[in-house]
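Welcome! Here are some short exercises for getting to know a structure, each with a worked solution. Try every task on your own before reading on.

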Amino acid sequence: MLEVETYPTVGEAANAMDDQARFLGGGTLIMNRVNYGDRRFNRIVRTTDASLSEIRAEGDRLEVGAGVTMASIMASRDLEFLSSAARAVGGPAIRNMASVGGNLMAPHPYGDMAVALLALDAVVRMVRGEELSLEDFLARRNGVVRSLLIRRPQGDEFRFRKVSRVKPKGVSVMSMAAHLTRSAGRLSGVRIAYGAMAPTPVRVRAVENALEGVSLDHAGIAAALSAATEGLDPPDDPIASGWYRREVAPVHLRRLLLGEDAR
Amino acid sequence: MNAEYRKDLFADERSDDFDVVGKPVLRQDIMGHVTGRSKFYDDHAFDGLLHMRCVRSPHHHARIRSVDSSAAERQDGVVRVLGGRDVPVNTNTLLSLINFGRDDEPLLATDKVSYVGQPVLAIVATSVRAAQEAVDAVNVDYEELPHVLDVEKALKPEAPIVNDEYPNNTFDYFDTYDHQKLRFGDVETAFSRADHIVGGEYQMSPIEQAPIETCGAIAAPETNDRITVHTSTQALFFSVGVTAKQLDISSARLHFIGGTVGGGFGGKVDSHHEPLAALACLATGRPVKYMWDRAEEMQVGGPRGGERWRIKDGVMRDGRIIARAFTGFFDAGAYTRLSSYAVQKSTGHLPGPYSIPNVASNVYCVFTNRTPSTAMRGFGITAADFAIERHMDKVARAVGMDPIELRILNAYRDGDMKAHRREAKNCALIESCQAVAQKTGWSLSGDAARASSKTGGGEGALGVIPATVTDDEGRIGERRRSGLAPEPFSGKGTRGLLPEGHSSNNSSAFGNAPQRKDMEAEVERLGFKGATGVPATLQEPADEATSSARPTVPRETAQTTHPAGARGGPSLPAAYTQRPASTINQPIAQPPAQASGTPAAQQPVTPPAAAETESETATTHFQRGVRRPGVSRFISGSRRR
Amino acid sequence: MKSPVTFTLNGSESAVFVDSGANLLDVLRRGCGDLSPKYGCGQGSCGACTVLIDGEPHVSCLVLAETVAGRSVETTGGLASGPDLHPLQRAFIDGFAAQCGYCTPGMLMAAKALLDRNPSPTRSEVEEAISGNLCRCTGYEPIIDAILEAAKQRGAA
């Protein structure tokens with residue numbers, strides 16, 4: 001049978017974790033598994049620690065608590081750049097519950113917010129203060145996250161796009177995010193991330209490399225579009241086949257990069 | 001409300017004193033819906049409610065070597081574990097209540113599983129979680145078998161047998177054929193005269209009804225030794241009958257409450273929850289809920305079956321379609337449920353709303369190792385119509401004709417004879433096409449714009465049942481032996497010819513006695529004193545040897561040819577307002593002599609005289625009640641569809 | 001293991017013992033006897049179980065019941081005040097915005113959350129507000145119309 005343990009601080013909650021336990025954030029992932037009788041765990045660990053829900057400036061970065069919900073992101077002026085990604089997650093009820101920390105753990109094809117955070121090169125701060133890149137975190141996905149550290153993008157250099165069959169809310173065929181930094185009028189050091197194109201949200205190095213030093217126009221991005229799915233093996237699922245994802249990815253990448261048809 | 005209706009078209013058909021249509025009328029259940037007080041099946045509280053979860057097959061097809069539930073039975077909260085042997089009448093087919101088809105589906109699988117998700121055991125526990133945990137603790141030893149997931153692969157002689165009751169992987173029609181036939185006129189001759197032959201293949205995937213309320217039932221003990229069952233069913237009396245049969249108890253002991261359904265769309269007719277919940281209620285003496293979760297609803301809930309259609313048209317240069325042949329494959333999944341009926345429904349719908357004087361179809365109800373499919377909104381028609389209308393567009397391109405004008409040219413008109421031998425009445429396709437064209441700014445030629453459903457119908461050959469070529473291809477078992485091609489007239493079967501006839505009620509010429517058997521009164525049960533000579537007993541489903549002796553098309557009459565003179569005349573260009581059909585049907589030549597090599601046992605015979613008494617109206621009655629081995633002796637009441 | 005939880009349900013104090021790990025939907029339905037929120041998926045996809053917690057919509061099937069301790073929960077069961085229907089209920093009746101009625105309680109709560117925050121929403125704001133609620137009888141248009149109509153009636157009142 002299932003046990004629920006509630007701790008006043010996230011540190012104590014983290015200490016209570018083991019492989020038979022799951023950390024409850026907003027509940028949208030864990031309660032789903034509870035409802036379906038997942039027997040891989042028999043303990044739910046949660047905390048009432050209010051610090052997990054804080055958004056605060058830390059130097060030139062923003063620290064976003066792991067328990068901050070999608071609705072809170074949409075309501076925050078400081079996090080306006082993440083509003084479109086937050087809005088891409090579920091309907092209003094889900095957004096009142098789903099947390100940033102939980103989104104990092106969301107199984108395929110979910111995790112749209114993590115895609116945006118990958119392109120922003122967010123840093124994951126664990127409960128005990130250890131910091132690691134989001135990319136590294138996604139590779140192993142364990143431990144309890146305290147917060148994310150995000151550098152605010154400038155101007156319009158951050159773009160996010162979610163492709164779904166149903167509007168205004170639908171599961172991702174794919175989601176894409178780009179951080180388009182420039183140097184002397186040309187793209188330089190850009191970061192591109194995809195969701196629902198691999199088992200976890202991923203950075204797409206082939207596209208990033210093809211965008212280095214080019215201008216942001218049809219001619220400039222041509223090589224990047226042809227490398228759109230290089231090294232990726234998109235999964236089949238009820239939303240779309242891997243084949244379909246591969247076929248349409250260049251189209252959506254172009255729209256993302258050139259800011260076309262921005263929805 | 002601005003409902004538009006065409007009084008100019010329907011003046012004779014409809015009364016003009018409507019006082020309901022066009023005005024809002026409040027739904028009687030709306031107050032419950034907006035206050036959250038409508039009682040759906042799960043909106044009933046019971047003390048000590050138990051919950052049921054099923055152990056399900058992880059394989060498409062596997063033999064069950066053994067089932068070990070001992071660990072599950074010892075778990076906390078587990079009250080009862082039920083298997084197929086605990087079900088008094090474990091095997092059923094839904095339409096057995098109207099004597100259509102053989103019992104082929106176990107409520108709980110015992111010997112083998114034939115689709116992913118098929119239930120093997122039902123576990124009753126004090127909580128959903130306890131039941132889930134017990135399900136995980138059951139050990140079923142499966143021996144995987146080869147499986148088949150494609151309808152045409154399932155028709156190959158070497159295909160694995162999906163459903164032991166139907167070893168040909170097809171539902172048996174009239175205990176004679178492995179498919180449902182439609183024959184009207186002579187498509188082969190017409191194809192040879194056509195200017196164009198247009199073929200096409202169309203397919204529709206299975207579709208899940210996906211009601212927001214998942215299927216389920218709660219069965220609770222009531223006073224007076226009855227069981228109250230709250231159910232999501234769309235077919236309450238079906239569910240009562242099925243439950244009475246499978247539990248072998250009187251339906252008078254079953255108090256079924258339903259009707260408030262959280263979306264059904266056809267997916268709530270399958271009656272599997274009620275018997276299991278009621279059985280568990282009997283076994284435990286406590287209220288039991290069996291409710292699918294969303295994953296089960298999607299995986300195990302019977303969808304609209306996938307269909308594949310091939311259409312071949314013979315078309316004249318002017319766009320008239322003079323012949324249309326269909327081959328259809330319905331994917332029934334592993335068990336019959338309602339697919340047998342869907343095939344008949346679709347056959348009755350062919351060739352679509354068009355007057356085509358030569359039509360043939362072979363439609364197969366095929367068993368595959370997929371989730372059994374069932375009803376869904378117009379099933380039997382939807383995919384056939386999709387195929388037909390896509391094909392009409394293809395024909396239009398082939399003859400270089402406007403697709404709407406092609407439809408108007410070929411549309412049924414009042415008085416035309418349909419392929420299922422009924423006169424077309426109240427036709428409105430032409431007017432619908434004209435309205436569509438008008439509303440979309442599509443320009444029609446003068447003839448097409450002036451055409452009317454009320455004129456030109458039933459003229460010449462289009463008003464009569466044409467002389468019809470028949471064949472006996474596809475007798476049960478033949479395909480298993482020799483892998484016959486499935487298309488109409490593509491095999492080497494014996495041909496016959498039915499004479500032309502005007503009567504749409506001339507059904508005796510078509511020898512459908514087995515079908516009519518369903519309609520006969522059960523004499524000794526009802527004490528029916530009508531006509532004598534009504535067969536009083538219902539035969540068990542015939543096996544292959546006896547099936548061929550069942551009545552079928554009487555080909556003794558097949559030697560009649562007819563002069564086409566009455567409809568003769570020169571070949572005329574098509575005019576929309578008049579459709580001389582003279583060029584459509586040529587006299588049909590003498591049929592080929594009957595193949596001499598046909599074994600005598602295979603010879604069809606005429607229906608027994610008793611079934612063909614003069615007083616057909618007196619002898620043709622709905623059968624009341626059910627008398628079949630395996631059917632509860634206690635089912636009461638009549639069953640009508 | 002059961003633990004006690006106290007919260008406000010439709011304005012009245014409610015105390016109930018909940019099973020460990022139980023979701024709010026089950027507790028409302030079985031523990032409190034409020035059968036208005038419905039089970040449709042248990043995974044937050046359909047919205048039939050939508051309730052308001054402290055005024056904000058939540059899918060109750062994914063809310064761990066004990067997390068509502070001390071909070072305020074509203075359901076469709078408490079939408080009418082005595083015999084007087086809420087303007088949304090009235091508009092759903094008049095606008096034929098329910099067919100089978102199973103999604104209706106969730107739709108009403110999602111709509112109430114919107115109108116409480118935004119008394120005169122645009123059509124696209126209404127669409128967004130009910131975007132987490134599925135209606136399989138596909139009556140979205142009358143539902144959207146009814147919500148807009150309720151906003152209008154409320155504004156006029």
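**Exercise 1. Two helices in chain C**

In which sense, left-handed or right-handed, does α3(C) pass α5(C)? Find also the residues that make the contact.

Solution. Keep in mind from the start that this is a predicted model.

- Step 1: Locate the two helices. Helix α3 of chain C covers residues 104–117, and helix α5 of chain C covers residues 140–156.
- Step 2: Look at their geometry. The two pack at an angle of about 40°, and their axes are 11 Å apart. That angle makes α3(C) oblique to α5(C).
- Step 3: Settle the sense of the crossing. α3(C) passes α5(C) in a right-handed crossing.
- Step 4: List the contact. From α3(C) come Met107(C), Ala111(C) and Leu115(C), while α5(C) brings Ile143(C), Ile147(C), Ala150(C), Ala151(C) and Arg154(C).
- Step 5: Sort these residues by class. Seven are nonpolar, none is polar and one is charged.

A general point may help when you look at such lists: an α-helix has 3.6 residues a turn, so residues three or four places apart point the same way.

**Exercise 2. A second partner for α3(C)**

Describe how α2(C) and α3(C) pack, and say which residues meet.

Solution.

- Step 1: Find α2 of chain C at residues 87–94. Its packing angle with α3(C) is about 130°, with the axes 10 Å apart.
- Step 2: Name the arrangement. Angles over 145 degrees would count as roughly antiparallel, and 65 to 115 as roughly perpendicular. α2(C) and α3(C) are therefore oblique to each other.
- Step 3: Add the sense of the crossing, which is right-handed.
- Step 4: Pick out the residues. Leu88(C), Gln89(C) and Phe92(C) of α2(C) meet Thr104(C), Leu108(C), Ala111(C) and Lys112(C) of α3(C).
- Step 5: Classify them. This contact has four nonpolar, two polar and one charged residues.

**Exercise 3. A sheet in chain A and its helices**

In what order do the four strands of the open sheet with β9(A) lie? Then find the helices that pack on this sheet.

Solution.

- Step 1: Read off the order. It is β9-β10-β13-β14 in chain A, and the pairing is antiparallel.
- Step 2: Mark the edges. β9 (158–164) and β14 (202–203) of chain A each pair on one side only.
- Step 3: Zoom in on one pair. β9(A) and β10(A), residues 172–179, are joined over seven bridges. One example is Arg159(A), whose bridge partner in β10(A) is Ala178(A).
- Step 4: Add the helices. α7 of chain A (residues 112–119) lies across β9, β10, β13 and β14 of chain A, at about 20° to β10(A). Helix α11 of chain A (residues 242–258) touches β9 and β10 of chain A, and its direction makes about 35° with that of β10(A).
- Step 5: Check how covered α7(A) is. Eight of its eight residues are buried, including Met113(A), Val115(A) and Leu118(A). Just after this helix, Asp121(A) takes a positive phi of about 55°.

**Exercise 4. Another sheet in chain A**

Which strands are at the edges of the open sheet β4-β5-β8-β6-β7 of chain A?

Solution.

- Step 1: Note the pairing of these five strands, which is antiparallel.
- Step 2: Name the edges: β4 (55–58) and β7 (131–133) of chain A.
- Step 3: Consider the twist. Ignoring direction, neighbouring strands are turned by 30° against each other on average.
- Step 4: Inspect one pair. β6(A), residues 123–126, and β8(A), residues 145–151, share four bridges, and Val124(A) stands opposite Leu148(A) in β8(A).

**Exercise 5. Chain C against chain A**

How many residues of chain C are in contact with chain A, and which element gives the most?

Solution.

- Step 1: Count both sides. Here 26 residues of chain C are in contact with 22 residues of chain A.
- Step 2: See where the chain C side comes from. β4 (56–59), α3 and α4 (123–129) of chain C each supply at least two residues, and β4(C) gives the most, with four.
- Step 3: Sort the chain C side by class: 10 nonpolar, 12 polar and four charged.

**Exercise 6. One residue of chain B**

Is Ala125(B) buried or exposed?

Solution.

- Step 1: Place the residue in strand β7 of chain B, residues 119–125.
- Step 2: Apply the cut-off. A residue with 20 or more other C-beta atoms within 10 Å counts as buried. Ala125(B) has 25, so Ala125(B) is buried.

Definitions and conventions
Residues are numbered from 1 along each chain as its sequence is written. Chains are lettered from A and ligands numbered from 1 in the order in which they are written. This is a predicted model: local features need pLDDT of at least 70, side-chain atom pairs count only at pLDDT 80 or more; totals for chains, interfaces and linings use all residues. Axes are lines fitted to C-alpha atoms, for helices over the stretch in contact, and angles run from 0 to 180 degrees between N-to-C directions. Angles under 35 degrees count as roughly parallel, over 145 as roughly antiparallel, 65 to 115 as roughly perpendicular and the rest as oblique. A crossing is left-handed if the near helix is turned anticlockwise from the far one by less than a right angle, and right-handed if clockwise. Two residues are in contact if their C-beta atoms, placed from the backbone, lie within 7 Å. Ala, Val, Leu, Ile, Met, Phe, Trp, Tyr, Cys and Pro count as nonpolar, Asp, Glu, Lys and Arg as charged, and the others, Gly among them, as polar. A residue is buried if 20 or more other C-beta atoms lie within 10 Å of its own, exposed if 12 or fewer, and partly exposed in between; C-beta atoms are placed from the backbone. Two strands pair if DSSP finds at least two bridges between them.
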